[in-house]
Each structure stands twice: as C-alpha cells, then as structure tokens.
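Work through the exercises below with the sequence and coordinates at hand. Try each task before reading its solution.

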Amino acid sequence: MLEIEYRGGNCWTLDTKRALFVFDANRKRSGLKNLSDKRAIQIATEHDLLADEKDFHLSFCGEGEYEIAGTEINGFAVARRIDDPREGKKRSTLYNISTDDIKIGVFGNIMDNLGEQDLENLGMVDVLILPVGGGGYTLDGVAATKLISKIEPKIVIPIHFAQRGLNYEVPGDDLSAFLKELKATVVEEKKLKLKSPNDIPPVMQIRHLELAI
C-alpha cells in the first residue's frame, strides 16, 4: 500500500504506511514554506532542494543505495538542466524506488539528453514522477514526452508546472502544455493510492494530483 501526494514545485510525499518519505522539501523556489516532519525521511534530487535536516528524522541526497522500512532506493547522478554542460558535472540525482513490488522513477530538474546508461540505471518503472513546466528550468512538454516514450511507465505524475497557489522564481508553462504533447488518459485525484501492483493500469495514464499546500 502506498500513497503519493503532490506538495508543489518538485515536492511530493510517499507514504508506505511503514515510513513517510518527503522529496525536495525545500519549497522556497515555489513560493511556499519548506515542509518539515520529524517522523519523515527527507530525500532530495539536488542539494539546493534539501530543507533543514533537523526538521526530519533522516535526510540524504545523491548517489547511493538505501533500504528503509522495506523500501529500496537507488540514486544515480545526472546532469542538472540549469548547469553549463561544458562543466561536465552532475548535480542532480535520479532515483529508482521499489516498495511493495511497485517501482517508482523520480527525476528532478534534469537535462533532456539523458544517455542509455541513465535510462538503464532507472530501469523499468510503474510510476514516473517528472517536472514538466519548462521555462528553461525543467523539461518542457515536448522534452518530457520524448523522455516518457523511452521509459514507458504506466502512470505519469507531472510536477513543477504553473498553477494557482505557486509563485516560481522562474515562470513556466501550466499543465496544458504537457497534456497537449502526451496523449494519454488524464485522471484527476487528490492523491495516488496503490494497494498492490494489480492497481497499476495496463495502459499509460496521467495522474493529475491535487496540490496539497
């Protein structure tokens, strides 16, 4: 059993009922207060998106293999979109997560030219969580759709797009720009709930989650 909730910008939560994970809890770039929860494990796709570590039970960011309360998390370094590619540095992290036989792929603000090794590191995923707002900061609708076509997840959860209640430092597109590119059924819901792999749809769906401030 897992629940995924969208908290604005790159921030979202994964509740497995055995542990609560908060991703990219530093929400200042979205015009929101940082999340904090002493019970939760904080994980970030880049160091700039870590909130104060004292506000969480545990925090980590970057490459590595982690296993927490039955959830396996693997992090791999990838290039960040806002960095100069000539530097050759990888300041973002992609994560593949496995919990209750459900596989989740997580991207931050990545470059749109991921290599085969990056995709191999991600592996096959059931649920893909991906920023899609564009604006030169995250992938835009076209680039996001191209990446999704290579990964072929069954559920796509778009994050970091323009909407009421958020005030980004770098303005981007609203969700319609992404939906226009990715032709898939859109399901609007408060949060994603999956009891088992049997709840994963056979054909790709976009799950548009309600913003939980």
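**Exercise 1: a serine in a loop**

Task: find what Ser-30 touches, not counting residues up to four places away in sequence, and say whether Ser-30 is buried or exposed.

Solution. Ser-30 touches Gly-8, Gly-9, Leu-166, Asn-167 and Tyr-168 once residues up to four places away in sequence are left out. Contact here means heavy atoms within 4.5 Å. Next, place the residue: Ser-30 sits in the loop between strand E3 (20-23) and strand E4 (37-44). Then check its cover: Ser-30 counts as buried because its relative accessibility is 3%. The classes are buried under 20% relative accessible area, exposed over 50%, and partly exposed in between (1.4 Å probe, protein chains only).

Ground rules for every task: the model is predicted, so local features need pLDDT of at least 70, side-chain atom pairs count only at pLDDT 80 or more, and totals for chains, interfaces and linings use all residues. Residues are numbered from 1 along each chain as its sequence is written, and side-chain values use heavy atoms, with hydrogens and water left out.

**Exercise 2: a serine in a strand**

Task: locate Ser-98 and list its contacts, leaving aside neighbours within four places in sequence.

Solution. Ser-98 belongs to strand E8 (residues 92-99). Strands (E, at least two residues) and helices (H or I, at least four) are DSSP runs, numbered from the N terminus. Ser-98 is buried because its relative accessible area is 19%. Leaving aside neighbours within four places in sequence, its contacts are Gly-70, Thr-71, Glu-72 and Lys-103.

**Exercise 3: two more loop residues**

Task: state whether Tyr-137 and Pro-197 are buried, partly exposed or exposed, and give their surroundings.

Solution. Start with Tyr-137, in the loop between strand E10 (127-131) and H2. Its relative accessibility is 9%, so Tyr-137 is buried. Leaving aside neighbours within four places in sequence, Tyr-137 is in contact with Arg-29, Glu-46, Arg-81, Ile-82, Asn-109, His-160 and Val-170. From Tyr-137 to Ile-151 is 14 residues in sequence and 21 Å in space, C-alpha to C-alpha.

Now Pro-197, in the loop between strand E13 (192-194) and strand E14 (205-209). Its relative accessibility is 35%, so Pro-197 is partly exposed. Not counting residues up to four places away in sequence, Pro-197 touches Asp-100, Asp-101 and Ile-102. Pro-197 lies 31 Å from Arg-27, C-alpha to C-alpha, at 170 residues apart in sequence.

**Exercise 4: the cores**

Task: which residues have the most contacts inside the largest nonpolar core?

Solution. Ile-4, Ile-104, Phe-107 and Val-127 have the most contacts inside this core of 54 residues. Helix H2 (residues 141-151) gives the most to it, with 5 residues. A second, separate core has 8 residues, including Cys-11, Val-22, Ala-40 and Ala-51. A nonpolar core is a set of buried Ala, Val, Leu, Ile, Met, Phe, Trp, Tyr and Cys residues joined through side-chain atoms within 4.5 Å.

**Exercise 5: the whole chain**

Task: how many helices and strands does the protein have?

Solution. The protein has 3 helices and 14 strands. Its radius of gyration is 16 Å, close to the 17 Å of the globule rule for 213 residues, so the protein is as compact as a globular protein of that length. The radius is taken over C-alpha atoms, and the rule is 2.2 Å times the number of residues to the power 0.38. Finally, 55% of the 213 residues are buried.
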